[in-house]
Every structure is written in structure tokens, then in C-alpha cells.
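Take a look at the sequence and the fold below. Then follow a short tour of charges, rings and neighbours.

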Amino acid sequence: MKKTSLTIFGLGRMGAQIARRLHKKGFKVVAWNRSPEPVKEIVKAGIFGTSDLNEAVEATKNQPRIFWIMLPHAIVDDFLFGKDHLGPHLKKGDIVIDGGNSFFKDSQKRSARMAKKGIHYFDCGTSGGVWGEKNGFALMVGGPKEKWSIIEPIMAALSAGDNFAYCGASGAGHFVKMVHNGIEYGMMEAIGEGYAVLEASKFKLNMADVTRVYQQGSVVRSWLIDLCRNIFENEDVGATSGKIDATGEGEWTVKTGHEFGVDVRVIEDSLNVRRESADPKNQKKYSNKIVALLRKQFGGHAVHSEQGGRSKEEGVRGDEKK
């Protein structure tokens, strides 16, 4: 099958990984980022990179043109519809994929605006964190079904195999990803609280050994438990602040659950814990430290130290611990 070409806008942790994985899979990738340093890094991988928006658009030769945006949700509207960004370059027949964490109702509105111009808009929930390039991403896609076959090869290449799906009409992809992140909030909080109980006991437990047992054959075995093993073997839990940052999808899930009349108390409680973690007195909680470090492990999110500093390191993989 002839490999599709596409342009990726936004070379943060996820965008750069997507560009590199598609490049390795034989796709012709054009990569754009406003600041130059990520462009320099992507060029080292043999990918055509630029900070010139006009150049990025003109380098996209595939028909229909495919533009993948990987930007913070707060700036997506300005990038898509503002006069100084991608908007003026879009033409009838183009395909736009929003692979970031946008609110599904915003995606529905953007799709409707795009459709009036004959532009096909897909919302793609993207999960995989800093491990996605190596292991493959999980992809949840919404948008015009009649155009799905055009972008399906891209999703297949990015995935780990069968963990991608067309979920339905516009907004469905980001809706499924939103709920995924809400579930993630609850699971992480339960794990953090469980380890806090273990840590508070008088047994002087070796947490790495306990986690090794949890990892195989137990009911709670999961990737998050695997990442806990990395934490106990590679991180200084005691020196980590229990301040837990959030990107908003847990709050969206809770609000949507209330709108639907669904009981989401576990997710809501975990969201409240994150809010309360802004208070210094809660930043010594062992459970909060574990959740903060889990976010670092899977997503490369920065963590705070007890002294108030902030780490820029990404998650440490088990095979990189030394």
C-alpha cells in the first residue's frame, strides 16, 4: 500500500513521538513547531521539519491533504480558525486530525465549522504517553465515517496492533478518551491510597517486592502497577512533593457524568484529591506522591520536589534504570 504523507503541527512529547513512529513506518512526514528547538531535534531523525507555517503546508503533497495537530486544547481554535495560523491555508477536501486532549463538545463544534467549508475533521483521543513511540499508541477516533478509510492506515501504523478504532460521529473519539482519563484518575488514586496503607504499616515492607507480586497473577495486575515497580526501583518517593497537576479531562468527565445523571463518585473524589494537593499540607501525603510519580512514569509529566523545585525528566523505563 502506498504510504500516505501528512503534516504534523506541534512537536511536544506526543507530537514528536507520532512524527517519528510514522516516519519509521515509511510515511512521508512533514513536522512543524513554532519554537525551533523541537524542529532541530526532529530533523535529526531524518524528518523534514520547519518553523515556517507556509513551508509546512506547501510541503504537504498528498491528496487529500492531511494535517494532524498536536497542540494544547486552549489554543486549537485560534490555530484552526485564526487568520495567522492554519485556517487561511485550509481548502475544501482537506482532512484535519486533532490528536490532542480537546473537550468533545468543542470538537463537535469545530467539526461543524469545518464541514461548512468542505473540510473533514477527525478528533483522535491519543493514549500511550512517553512509551507510545516504542510500544504503539491507543487511538480513539471520531469523525466522518465516509473518510475513515483514508486515515485508517495512519492509525494502524501508530497503534500497537489492534488498539485503535473508529468510535463514531464527530466528538466520539475525544469523548472516549475523556472517559479513559477519568477512569485513569480513579485507578491511580486507588493505587496511591493502597500503597499509602502499606507504607503506614509496621511491617517495613519492601515496596518493590510487594509490587513484583502484584504484577503477575494478581487481580490488580496492570500497566500502572508495572509502573509502580519502576517508581520503587528508580525514584525517591520521600523527596517527591505530593502536588498532583491535572490537564482537565478528569473534571470534564465528572461534569459530563453529572450532566448524564451518572454516579461518578470515585472519579470525582480523585479529582478533589488533586485539587486539594495544591495545599502544602497535603503534599506530604504518600498516596499523592505515588500518583504524581505515576503521571511522570507514563506521561513524562514534571513532578515537584519537597524543596519546591520541579523535575523535567520523563518517566524512567525499567530497561533504562541504570
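This report goes through salt bridges, aromatic pairs, a charged patch and two spatial contacts.

The model shown here is predicted. Keep that in mind for every value below.

**Salt bridges**

How many salt bridges are there? The count comes to 16 salt bridges. Three of them are set out in the table.

| Pair | Distance, N to O | Place |
|---|---|---|
| E41 and K44 | 3.1 Å | helix α2 (residues 36-44) |
| D77 and R110 | 2.8 Å | helix α4 (residues 76-81) and helix α5 (residues 104-115) |
| E251 and K255 | 3.2 Å | helix α11 |

Start with E41 and K44. Their side chains meet in a salt bridge. Both residues lie in helix α2, three residues apart, which is about one turn of the helix. E41 is partly exposed, because its relative accessibility is 47% and the partly exposed class runs between 20% and 50%. K44 has 64% relative accessibility, so K44 counts as exposed.

Now take D77 and R110. Their side chains meet at 2.8 Å, N to O. This pair links distant parts of the chain, with D77 in helix α4 and R110 in helix α5, 33 residues apart. Is R110 buried or exposed? R110 is buried, because its relative accessible area is 3% and buried means under 20%. D77 has a relative accessible area of 35%, so D77 is partly exposed.

The third pair is E251 and K255. The distance is 3.2 Å, N to O. The two residues are four residues apart in helix α11, so about one helical turn separates them. E251 counts as partly exposed, at 28% relative accessibility. K255 is exposed, because its relative accessible area is 52% and exposed means over 50%. Elsewhere, salt bridges with shared partners join R20, K24 and E133 into one network.

**Aromatic pairs**

Next come the rings. A pair of aromatic rings is described by the distance of the centres and the angle of the planes. The count here comes to 13 aromatic pairs. One of them is formed by F103 and F104. Their ring centres are 5.1 Å apart, with 70 degrees between the planes. That pair is edge-to-face, because 70 degrees is over the limit of 60.

Are F103 and F104 buried or exposed? F103 has a relative accessible area of 19%, so F103 is buried. F104 is buried as well, with a relative accessible area of 9%.

Another pair is F175 and F260. The ring centres are 6.2 Å apart and the planes stand at 50 degrees, so this pair is tilted. Where do the two residues lie? F175 is in helix α8 (residues 172-200), and F260 is in helix α11 (residues 249-260). The pair therefore ties together parts that are 85 residues apart in sequence. F175 is partly exposed, at 26% relative accessibility. F260 is partly exposed too, at 48%.

These residues also belong to a larger grouping. Ring pairs link F103, F104, F175, W252 and F260 into a cluster.

**A patch of negative charge**

Turn to the surface. Which residues gather in a patch of negative charge? They are E193, D269, E276 and D279. Of these, E276 is found in helix α12 (residues 265-276). E276 has a relative accessible area of 43%, so E276 is partly exposed. That value is over the 30% needed for a residue to join a patch.

**Neighbours in space**

Two distances complete the tour. E268 also has its place in helix α12. At 26% relative accessibility, E268 counts as partly exposed. E268 and G257 are 11 residues apart along the chain, and their C-alpha atoms are separated by 9.6 Å.

The other distance involves A165. This residue sits in strand β8 (residues 159-168). A165 is partly exposed, with a relative accessible area of 32%. How far is A165 from M140 in space? The distance is 5.5 Å, C-alpha to C-alpha, although A165 and M140 are 25 residues apart in sequence.

Terms used:
Residues are numbered from 1 along each chain as its sequence is written. This is a predicted model: local features need pLDDT of at least 70, side-chain atom pairs count only at pLDDT 80 or more; totals for chains, interfaces and linings use all residues. Side-chain values use heavy atoms; hydrogens and water are left out. Patches are made of residues with over 30% relative accessible area and no salt bridge: like charges are joined within 9 Å, nonpolar side chains (Val, Leu, Ile, Met, Phe, Trp, Tyr) within 5 Å. Accessible areas come from the Shrake-Rupley method with a 1.4 Å probe; for residues, only the protein chains shown count as cover. A salt bridge is a side-chain nitrogen of Lys or Arg within 4 Å of a carboxyl oxygen of Asp or Glu. Lys and Arg count as positive and Asp and Glu as negative; His and the chain ends are not counted. The place of a charge is taken as NZ of Lys, CZ of Arg, CG of Asp or CD of Glu. Buried means under 20% relative accessible area, exposed over 50%, partly exposed in between (1.4 Å probe, protein chains only). Rings of Phe, Tyr and Trp (its six-membered ring) pair if their centres lie within 6.5 Å; planes under 30 degrees apart count as stacked, over 60 as edge-to-face and the rest as tilted.
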